[in-house]
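Got a structure open and wondering where the labels come from? Let's take some of them one at a time and see what stands behind each.

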Amino acid sequence: MNNIFRVPCAVLFFFLILAAVGCAGKVPNSLSESQMQAISHNQRGIKHAARGDNLQALVEFSEALKISRSIENSEGIVVALLNCSRVHRHAGDAKAALTAISGAIPHAPRQMPLYAEVAFEVAQVKLLSGNLNEASEWASQAVAADNSSTRGMMINLLARILFLKGNMAEAELKAQEALLINRNNGVRAEEANSLRTLGDVKAKTNRGVEAAAYYNQALEIDKVLGKSGKIVADLRALARLAESLNDSGQALEFYSRAFAASRANGDLSGASEDLTKMSLIHEKRGDIELSQRLLTERANILKNIQTQQ
Amino acid sequence: MIVEEDLRFKRLEMKIGIFVAIAIVGFLTLFFFIGADKDLFIQKYLLKFTVEKGTGYSRGMPVKLSGFRIGRVDKISLNESAMVDIEVQIDRKYQKWIKKDSVVKFVKEGLVGDNIIEISAGSRDSEVLKDGALLAFEKTMGLEELANDMADKVKPVLLEVKDIISYINNPAGDIKQSLNNIRVLSADLSSTREKVDTLLINSTQKIVKLSADSESLLKTSRDRIDSAGPILEKADRSMAVIEQKLPQLLEKALSTLEHLDKVSKNIEKITGGVAPRIPQIMNSAEDTLQGADKVVNAAKNIWPLKSHIPVPSERQIVPGDSHE
């Protein structure tokens, strides 16, 4: 190398070293070691919950809760309790879910960003318990508190509760609002939920063609997302709609598809219900033999469920 | 003066005298008999007793002891207490039997006989009652009282009998029902008997058939046993072969077990050497992992990696869904 470049190169190299050392310096971390541990437990719990291992998920969330309580970390406590409630609710244990989420409410003031999630969870638990009035109140609070990308989900829940309460006009309005927000935010799963609620409202208000259109749109999205449970829900909704329109052929086709999807997804209980519906339709059509055959198949499935238990 | 004398008046005075004498003797005899009958010529003494009512008593009424008349009722009078005092005259020769513990009763002789007063004989040690002494009276039941008493006793029995009869006659009662049932049963008995007869005939036929079947079964079994003979012979031969080969097989198995034993001892030696070091190895592994974790964490904080690694969020929430 030429001597002319040696000095500038050396100076440049020196500055590069200085910059590298400077950048390699420890970034000030706002989270403590304990918080990090709690986060790890929560992350592991979420993975277990996604796999359906609710028991292990609860163990992890309990660990996270213990750590958060030991350092009086309100946000950590709320997150852990929220997760516990959600797992209990998914398992169908409304009482345990309510106990968990009730423990989170005192730690979640309205100004806390997590308040909307807490209110949403309370609304879901109340809905599971069949308390529609309280569910509706909490869902409204969740909608009022949330301005994030999950707002569409909160409005969807409110729309669903309003539909269940029989308030069709308001439910339709809320579902339309949610559909718009979810489309804008690109939340496809909630977009499908909005469409399903709209389909339910239309079906209930005797607008069968519109209902079928909404259900089919929801079905398309759920298929893209690969959500088997939602696909089955869409197919059953379409089957019910066909039944209400006295199109037993269509109803049988949708129930048959729902049955196949449920069975493949491992939902034997749901599959047996589909068989019952199909059996009843065949009985109405006068095909008693086929109806009886379906009932026999249903009995075999129920026997399998009992054996598994 | 001619005195014409009728022969019929001859010795008239004498005849009258004899007649009067006979009349006097007859009168005296009569008096004597009546007096004897009325106990006029026997020595008597007086005894008294008091009763509530004088009904049935009369003067001259006989007083008996052991069924033998010993005296009569002499006097019946009402006293100050409105009770009846009765005095009896008793032949003194019977006095020795009537003592202080003797009891007087008013009884009837037989079912339709006269009323009498009966005195019981006193005990040997008791004192003899003197003239004018008071006898103890024991009240006995009269026929009417006996009849009433009997009626009182028989009445409940009759009522019970009446109840029993009405119970028996009750058409809805057990006995009538049972009788009806028995009647129905006996009516059905003939048909039942016919059925039993049929059943017995069928049973007999079946037993005959069964015995025939059993015979054929026994014959078949015998044939099978006969045919099993060669099979058993084969099995016998096989057993002989097994018996020959078994010692060799056992030897082989034994040597395999010995090998296994050696191998397990070797494994035990190896693990015995390694086992104490396992905790140390585990500690080292943990230290190494911690070191690696620190290195990775440090690397995460080094530019330019740190800009690509997201800062973990505390809000790790199970995803929600409005249509769960």
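Q: What makes Asp149(B) partly exposed?
A: This is a predicted model, and in it Asp149(B) has a relative accessible area of 27%. Buried would need under 20% and exposed over 50%, so Asp149(B) lands in between and is called partly exposed.

Q: And why is Lys153(B) called exposed?
A: Lys153(B) comes out at 56% relative accessibility. The cut-off for exposed is over 50%, so Lys153(B) counts as exposed.

Q: How do you know that Asp149(B) and Lys153(B) form a salt bridge?
A: The N to O distance between their side chains is 3.5 Å. The rule asks for a Lys or Arg nitrogen within 4 Å of a carboxyl oxygen of Asp or Glu, so the pair qualifies. Both residues sit in helix 2 of chain B (residues 143–169), four residues apart, or about one turn of the helix.

Q: Why does that spacing suit a pair?
A: An α-helix has 3.6 residues a turn, so residues three or four places apart point the same way.

Q: What makes Asp213(B) and Lys209(B) a salt bridge?
A: Their closest N and O atoms are 4.0 Å apart, and the rule says within 4 Å. Both lie in helix 3 of chain B (residues 174–274), four residues apart. Asp213(B), at 39% relative accessibility, is partly exposed, while Lys209(B), at 54%, is exposed.

Q: Which residues are joined into one network by salt bridges that share partners?
A: Arg86(A), Arg89(A), Glu117(A), Glu121(A) and Glu324(B). Over all chains, the structure holds 26 salt bridges.

Q: What about Arg188(A) and Glu191(A): how do you know that they are about one helical turn apart?
A: They are three residues apart in helix 10 of chain A, which puts about one helical turn between them. They also form a salt bridge, with 3.2 Å between the closest N and O atoms.

Q: Is Glu191(A) buried or exposed?
A: Buried: its relative accessible area is 6%, and the cut-off is under 20%. Its partner Arg188(A), at 37%, counts as partly exposed.

Q: Which salt bridge does Lys230(A) form?
A: Lys230(A) pairs with Asp321(B), the closest N and O atoms being 2.7 Å apart. Across the interface of chain B and chain A, the rule finds three salt bridges.

Q: What makes up that interface between chain B and chain A?
A: The contact takes 36 residues from chain A and 17 from chain B. Between them the chains bury about 2,400 Å², with 57% of it on carbon and sulfur atoms. Glu314(B), Val318(B) and His323(B) supply 31% of the area that chain B buries against chain A, more than any other three residues.

Q: Why is Asn42(A) called buried?
A: Its relative accessible area is 3%, and buried means under 20%, so the label fits. Asn42(A) lies in helix 2 of chain A (residues 33–51). Neighbours within four places aside, Asn42(A) is in contact with Phe61(A), Ala64(A), Val79(A), Ala80(A), Asn83(A) and, from chain B, Gln316(B).

Q: What makes Leu238(A) buried?
A: A relative accessible area of 4%, set against the under 20% cut-off. Leu238(A) is in helix 12 of chain A (residues 228–244). Residues up to four places away aside, Leu238(A) touches Ala212(A), Tyr215(A), Asn216(A), Leu219(A) and Phe254(A).

Q: How do you know that the span of helix 9 of chain A is close to the expected one?
A: Helix 9 (residues 168–185) has 18 residues and reaches 25 Å from first C-alpha to last, against the 26 Å expected at 1.5 Å a residue. Its buried residues pack against helix 8 (151–165) and helix 10 (188–204) of chain A. After helix 9 comes Gly186(A), with a positive phi near 75°.

Q: What makes up the largest nonpolar core?
A: It has 44 residues, and those with the most contacts inside it are Ile101(A), Val118(A), Met154(A) and Leu157(A). Helix 6 of chain A gives the largest share, nine residues. A second, separate core has 26 residues, including Tyr215(A) and Phe259(A).

Terms used:
Residues are numbered from 1 along each chain as its sequence is written. Chains are lettered from A and ligands numbered from 1 in the order in which they are written. This is a predicted model: local features need pLDDT of at least 70, side-chain atom pairs count only at pLDDT 80 or more; totals for chains, interfaces and linings use all residues. Side-chain values use heavy atoms; hydrogens and water are left out. Helices (H or I, at least four residues) and strands (E, at least two) are DSSP runs, numbered from the N terminus. Buried means under 20% relative accessible area, exposed over 50%, partly exposed in between (1.4 Å probe, protein chains only). Contact means heavy atoms within 4.5 Å. The expected span of a helix is 1.5 Å times one less than its number of residues. A nonpolar core is a set of buried Ala, Val, Leu, Ile, Met, Phe, Trp, Tyr and Cys residues joined through side-chain atoms within 4.5 Å. Buried area is the accessible area (1.4 Å probe) that two parts lose on being put together, summed over both.
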